[in-house]
Amino acid sequence: MTAEPVTSEADDAPLPAWFYPPPNGWTADDLDRLPPSAPRFELIDGTLVLRSPQTYFHSTVMRRLANAMEIAAPGDLRVVVEMTVRLGERQRPEPDILVVNAAPTTTRTAFTPDEVELAVEIVSAESRERDRRAKPQRYAEAGIRHFWRVEREDGGGGAGQDAPVVHVCELDDTTGSYVPTGIHRGRMTVPVPFAMDIDLTALYRR
């Protein structure tokens with residue numbers, strides 16, 4: 001991150017020094033060294049991935065789902081949004097919602113896999129492949145026991161249109177990968193990582 005600014009051929013404007021990777025490539029620690037003016041990134045397989053602007057569906061479902069989870073969570077667990085997880089030297093993804101067993105400090109920027117009970121990804125058009133394949137694979141390899149993937153599903157019009165559907169997965173210790181344990185529409189009742197009964201129809205209404 002010490003490279004001199006280079007002129008962009010597109011608009012003749014210099015690119016900032018932080019734009020260029022360090023000599024040995026990006027690491028999880030480098031995210032904390034980006035300047036405040038830099039966009040938000042996550043690190044997947046050593047590659048910086050820009051966090052795109054959220055859609056209204058994504059933002060609303062994330063906020064309401066996190067609130068519902070927080071209400072149900074026992075006192076020793078915390079529900080946090082948009083914080084990264086250090087899975088390895090070159091892996092630092094940012095799930096939309098996390099349930100963690102560690103109390104965050106005011107300056108903390110990431111959690112470790114052993115502190116994460118559940119990772120939740122809300123799928124957007126630009127993140128579909130990462131949220132369905134790359135990121136859950138990395139979470140499973142790191143030993144995070146529970147993973148939810150929230151998809152937007154066309155409910156056929158009316159109040160049910162664009163309904164959130166939650167795909168619930170749990171880590172299989174024999175294979176080291178996630179296995180699906182349920183697909184939830186309308187209402188979701190699960191016993192792990194703690195008991196939750198969530199009205200999915202209340203997460204998004206036009």
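Hi everyone, this is a short tour of one helix and two pockets in a predicted model.

Let's begin with helix H1, which covers residues 56–72. How far apart should its ends be? At 1.5 Å a residue, 17 residues should span 24 Å, and the end C-alpha atoms sit 25 Å apart, so the two values agree.

Now, which residues of H1 are buried? They are Phe57, His58, Thr60, Val61, Met62, Leu65, Ala66 and Met69. It helps to recall that an α-helix has 3.6 residues a turn, so residues three or four places apart point the same way. As for partners, the buried residues of H1 pack against several strands, among them E5 (78–81), E7 (97–100) and E9 (116–122). Strands E10 (146–153), E11 (163–172) and E14 (196–199) are packed against by these buried residues too.

On to the pockets. A probe the size of a water molecule, rolled over the atoms, shows where empty space is left. The largest pocket holds about 350 Å³ of space. Its lining has 15 residues, and those nearest the centre are Leu31, Asp32, Arg40, Phe41 and Arg92. By class, that lining has eight nonpolar, two polar and five charged residues.

The second largest pocket, with a volume of about 220 Å³, brings us back to our helix. Phe57 and His58, buried in H1, are among the residues that line this pocket. Others in the lining include Thr55, Ser124, Arg128, Arg132 and Glu151. Which elements each supply at least two lining residues here? They are H1, helix H2 (128–141) and E10. By class, this lining has three nonpolar, three polar and four charged residues.

Thanks for listening!

How values were computed: Residues are numbered from 1 along each chain as its sequence is written. This is a predicted model: local features need pLDDT of at least 70, side-chain atom pairs count only at pLDDT 80 or more; totals for chains, interfaces and linings use all residues. Side-chain values use heavy atoms; hydrogens and water are left out. Helices (H or I, at least four residues) and strands (E, at least two) are DSSP runs, numbered from the N terminus. The expected span of a helix is 1.5 Å times one less than its number of residues. Buried means under 20% relative accessible area, exposed over 50%, partly exposed in between (1.4 Å probe, protein chains only). Contact means heavy atoms within 4.5 Å. On a 1 Å grid over the protein atoms alone, a cavity is a set of points where a 1.4 Å probe fits but cannot get out, and a pocket is an open set with protein on both sides within 12 Å along at least five of seven lines; lining residues have an atom within 4 Å of a point. Grid points are joined across faces, edges and corners, and a volume is the space filled by probe spheres set on the points. Ala, Val, Leu, Ile, Met, Phe, Trp, Tyr, Cys and Pro count as nonpolar, Asp, Glu, Lys and Arg as charged, and the others, Gly among them, as polar.
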